Amino acid sequence: MASAPLGDDMFDEFLEQRGHDTGTVEWDENYNKKQCPDCGGLHGSRATQCSVCGWRPV
Ligand SMILES: [Zn+2]
């Protein structure tokens with residue numbers, strides 16, 4: 001197995017770009033609050049950005 005077929009790499013990238021978990025990151029929800037998936041900080045439902053670490057949904 002000296003070299004992997006190029007096609008596999010391209011297919012992996014295709015899957016990542018369309019992936020459910022890797023493409024879009026949203027707030028976690030916890031008791032009607034938004035929870036930062038990065039640092040776990042809790043924020044009100046109107047929060048658009050984590051005030052703890054600066055994370056925001058992509
Ligand atoms: Zn955070």
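I take buried to mean under 20% relative accessible area. By that cut-off C50 is buried, because its relative accessible area is 3%. The model I am reading is a predicted one.

**Zinc site**

I looked up the protein donors of the zinc ion first. They are the SG atoms of C36, C39, C50 and C53, lying 2.3 Å from the metal. I then checked the geometry: the angles among the four donor atoms run from 106 to 114°, and the site is tetrahedral. For reference, the ideal angle for four tetrahedral donors is 109.5 degrees.

Along the chain I read the donor spacing as C-x2-C-x10-C-x2-C. C36 sits in the loop between β2 (33-35) and β3 (42-43) and C50 in the segment after β3, so this pair ties together parts that are 14 residues apart in sequence.

I also ran the disulfide search, and the count came to zero.

**Burial of the donors**

Are C36 and C50 buried or exposed? Both are buried. C36 has a relative accessible area of 2%, which is why I enter it as buried. C53 is another matter: its relative accessibility is 39%, so I enter C53 as partly exposed.

**Surroundings of C36**

I noted again that C36 belongs to the loop between β2 and β3. Leaving aside residues up to four places away in sequence, I listed its contacts as W27, G41, H43, C50, C53 and W55. Two of the zinc donors, C50 and C53, are therefore on the contact list of C36. I also took one C-alpha separation here: C36 and G54 are 18 residues apart along the chain, and their C-alpha atoms are separated by 9.4 Å.

**H43**

H43 was the next residue I looked up, and I found it in strand β3. Its relative accessibility is 8%, so H43 counts as buried. With residues up to four places away in sequence left out, H43 touches W27, K33, K34, C36, C50, S51 and V52. The zinc donors C36 and C50 are among these contacts. Across the strand pairing, I found K34 opposite H43 in β3.

**Sheet**

How are the strands ordered in the sheet? I read three strands in an open sheet, in the order β1-β2-β3, with antiparallel pairing. The edge strands are β1 (28-30) and β3, each of which pairs on one side only. Between β2 and β3, which run antiparallel, I counted two bridges. In general, strands of a sheet pair through backbone hydrogen bonds.

**Loop between β1 and β2**

I went through this loop for backbone angles. Y31 lies in the loop between β1 and β2, and its phi is near 50°, a positive value in a residue other than glycine. N32 is found in the loop between β1 and β2 as well; its phi is near 65°, again positive in a residue other than glycine.

Then I checked accessibility. Y31 has a relative accessible area of 78%, so I enter Y31 as exposed. N32 is also exposed, because its relative accessible area is 75%. One C-alpha separation was noted for N32: its partner was L42, 10 residues apart along the chain, and the C-alpha atoms are separated by 9.9 Å.

**Aromatic pair**

How many aromatic pairs does a search of the whole structure find? I found one. The pair is W27 with W55, and I entered it as edge-to-face, with 4.9 Å centre to centre and 85° between the planes. The two residues come from distant parts of the chain, 28 residues apart: W27 is in the loop between α2 (20-23) and β1, and W55 is in the segment after β3.

I checked burial for both. W27 has 11% relative accessibility, so W27 counts as buried. W55 is buried too, because its relative accessible area is 13%. Going back to the contact list of C36, I see that W27 and W55 are both on that list. H43 has W27 on its list as well.

Terms used
Residues numbered from 1 in each chain as written. Predicted model: local features only at pLDDT ≥ 70, side-chain atom pairs only at ≥ 80, totals over all residues. Heavy atoms only, no water. Donors = N, O, S within 2.8 Å, 3.2 Å for Na, K, Ca; no water. Tetrahedral: all angles 85-135°; square planar, octahedral: opposite > 155°, others 65-115°. Helix = DSSP H or I, 4+ residues; strand = E, 2+ residues; numbered from the N terminus. Buried < 20%, exposed > 50% of the residue type's maximum accessible area, 1.4 Å probe, protein only. Contact = heavy atoms within 4.5 Å. Pairing = 2+ DSSP bridges. Disulfide = S-S within 2.5 Å. Phe/Tyr/Trp six-rings, centres within 6.5 Å; stacked < 30°, edge-to-face > 60°.
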